[in-house]
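Student: I'd like a close look at one part here, the largest pocket. Could you walk me through what lines it and where it sits?

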Amino acid sequence: MSFVQLLQTAALVRVQYLETCGSTNAEMQRLVAATPQLAPLLLVTAAQTSGRGRQGRQWQESPGNSLATSYFLPSLPPGAAAPTWIPLLAGVALVQALQKWVPAQLKWPNDILVPLHTAGVQRQPDDLATQRGGFKLAGILCEQTASGYIIGAGINLLTPVSQLPPGAISLRSCGATAPEQPLAALADHLLALYVQRLQELLATATRQPERLPEIVAAQLATLGQRVRAIMPDGATVTGFAQGLGAYGELILQQSDGTTVAIAAADIEHLRVGA
Ligand SMILES: Nc1ncnc2c1ncn2[C@@H]1O[C@H](COP(=O)(O)OP(=O)(O)OP(=O)(O)O)[C@@H](O)[C@H]1O
Ligand SMILES: O=C(O)CCCC[C@@H]1SC[C@@H]2NC(=O)N[C@@H]21
C-alpha cells in the first residue's frame with residue numbers, strides 16, 4: 001500500500017490523481033464551484049501545463065518531472081487563526097516534508113529554498129538565486145473561494161538543471177534522490193508527509209493560533225536578514241526582517257528604528273552593506 005493510500009485509509013483526505021491538467025488550482029476552483037459543500041480534497045498531477053504563481057506569474061513545469069498539487073480546505077472555524085496564515089502554514093508543512101531529503105527553508109511568503117552552498121547541489125548560483133538567498137525548489141499559491149481555501153504547491157522533483165528556470169533547483173539536482181528512483185514513489189512519499197503535516201498545522205491554527213508565529217519563524221530563512229520589500233505597486237521598503245505580525249506579516253525594522261508590517265511583497269535579500 002502506498003503512503004498516500006495510507007492517508008486515504010485513515011480518512012485524512014480524499015486524493016484525486018489527474019493524468020494532465022492546466023492548473024490544479026484552476027481545476028480545484030471548478031470543482032468547488034460545481035460542489036459548494038466539497039470536503040477536503042487533494043488534486044495531484046505530474047503533468048501540469050499552465051501552472052500559475054502570484055500576480056499572474058507563470059509556474060514552469062517539466063511534465064513528468066515535477067509535481068503540482070492543490071489541497072481544498074473548506075473553512076477555518078470561528079476563533080481560529082486569520083486565513084492569512086494559511087500560505088505560511090502550507091510553506092512550513094512542505095519545508096518540513098522536504099527536509100527528509102534536503103535542508104529546505106522558507107522564504108517569506110511563499111518560496112521554498114535550498115541554501116546556496118548546500119553540498120551535492122549541481123548548479124552554480126545565479127543572480128536570482130543570490131537575490132532570493134537560495135535555489136527555489138518549490139512554491140506555494142493559496143487562493144480563496146466562496147466556500148474555502150485552495151492551497152496550491154508546485155515542487156521540482158526530477159527536473160534536470162537544463163530545464164529549470166534561473167534560480168531554481170530540483171530534488172534530483174540537489175543530489176538528494178537516487179538516479180533510479182521513479183517520480184511516482186518519490187511524489188507519493190513526499191505528499192503523504194506534506195499532507196499529514198499540513199493537517200497538523202491547520203489543527204494548531206484552529207485550537208492554538210497563538211503558537212503560529214513561533215512555528216513559522218522556526219522555518220523562516222528571511223528572519224534576521226537585511227531585505228528589500230517590493231510592494232505590489234512598485235514601492236520599496238528596506239529593513240531588517242525582525243519577526244512576524246499577528247496576521248503573518250513580515251515586520252521590518254528600518255534604519256531610523258521604526259518598524260513597518262509588510263502584508264504582501266516580493267522580498268530580495270541584500271548583501272551586508274547594500
Ligand atoms: N519550476 C519552477 N521552479 C522554481 N521557480 C520557478 C519555477 N517556475 C517559475 N518559477 C519562479 O517563480 C516565480 C513565480 O512567481 P510568484 O510571484 O508566484 O513567486 P514569488 O515567490 O513572488 O517570486 P520570487 O520567487 O521571484 O520571489 C517566477 O518569478 C519564477 O521566477
Ligand atoms: O511561484 C510560486 O512560488 C508559486 C507557484 C505555485 C505553483 C503551484 S503548482 C500547483 C498549483 N496550481 C497552480 O496553478 N499553481 C500552484
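Tutor: Let's start with a term we'll need: when I say "domain", the bounds come from an automatic or database domain assignment. Also keep in mind that this is a predicted model.

Now, the pocket itself. The largest pocket holds about 720 Å³ of space. Its lining is made up of 40 residues, and if you want to find the middle on your screen, look for Gln58, Trp59, Asp111, Arg132 and Lys136, which lie nearest the centre.

Which elements build those walls? Those giving two or more residues to the lining include two helices, H2 (24-34) and H4 (127-132). The strands that do so are E3 (51-52), E4 (58-59), E5 (66-73), E8 (135-145), E9 (148-156) and E14. As for the chemistry, the lining of the largest pocket splits into 14 nonpolar, 16 polar and 10 charged residues.

So where does it sit? Domain 1 (14-217) and domain 2 (222-269) both contribute lining residues, and therefore the largest pocket lies between them.

Let's follow E14 for a moment, since that strand is on the list of contributors. E14 (266-269) is an edge strand of a sheet, as is E13 (259-262), and each of these two pairs on one side only. The sheet is an open one with 5 strands, running in the order E13-E12-E11-E10-E14 with antiparallel pairing. From one strand to the next, the twist averages 45 degrees. In general, strands of a sheet pair through backbone hydrogen bonds, either parallel or antiparallel. To see one pair up close, try E10 (residues 226-230) and E11 (residues 236-244), which are joined in the antiparallel sense over 5 bridges. There, Val227 stands opposite Gly239 in E11.

It also helps to set the second largest pocket beside this one. Its volume is about 470 Å³, and it is lined by 22 residues, with Thr84, Pro87, Pro109, Cys142 and Ala263 closest to its centre. Helix H3 (86-98) and E8 each supply at least two residues of that lining, and E8 gives the most, with 5 residues. You've met E8 already, as a contributor to the largest pocket. By class, the second largest pocket is lined by 14 nonpolar, 5 polar and 3 charged residues. Each of domain 1 (14-217) and domain 2 (222-269) provides at least three residues of this second lining.

Definitions and conventions. Residues are numbered from 1 along each chain as its sequence is written. Chains are lettered from A and ligands numbered from 1 in the order in which they are written. This is a predicted model: local features need pLDDT of at least 70, side-chain atom pairs count only at pLDDT 80 or more; totals for chains, interfaces and linings use all residues. Side-chain values use heavy atoms; hydrogens and water are left out. Two strands pair if DSSP finds at least two bridges between them. Helices (H or I, at least four residues) and strands (E, at least two) are DSSP runs, numbered from the N terminus. Axes are lines fitted to C-alpha atoms, for helices over the stretch in contact, and angles run from 0 to 180 degrees between N-to-C directions. On a 1 Å grid over the protein atoms alone, a cavity is a set of points where a 1.4 Å probe fits but cannot get out, and a pocket is an open set with protein on both sides within 12 Å along at least five of seven lines; lining residues have an atom within 4 Å of a point. Grid points are joined across faces, edges and corners, and a volume is the space filled by probe spheres set on the points. Ala, Val, Leu, Ile, Met, Phe, Trp, Tyr, Cys and Pro count as nonpolar, Asp, Glu, Lys and Arg as charged, and the others, Gly among them, as polar.
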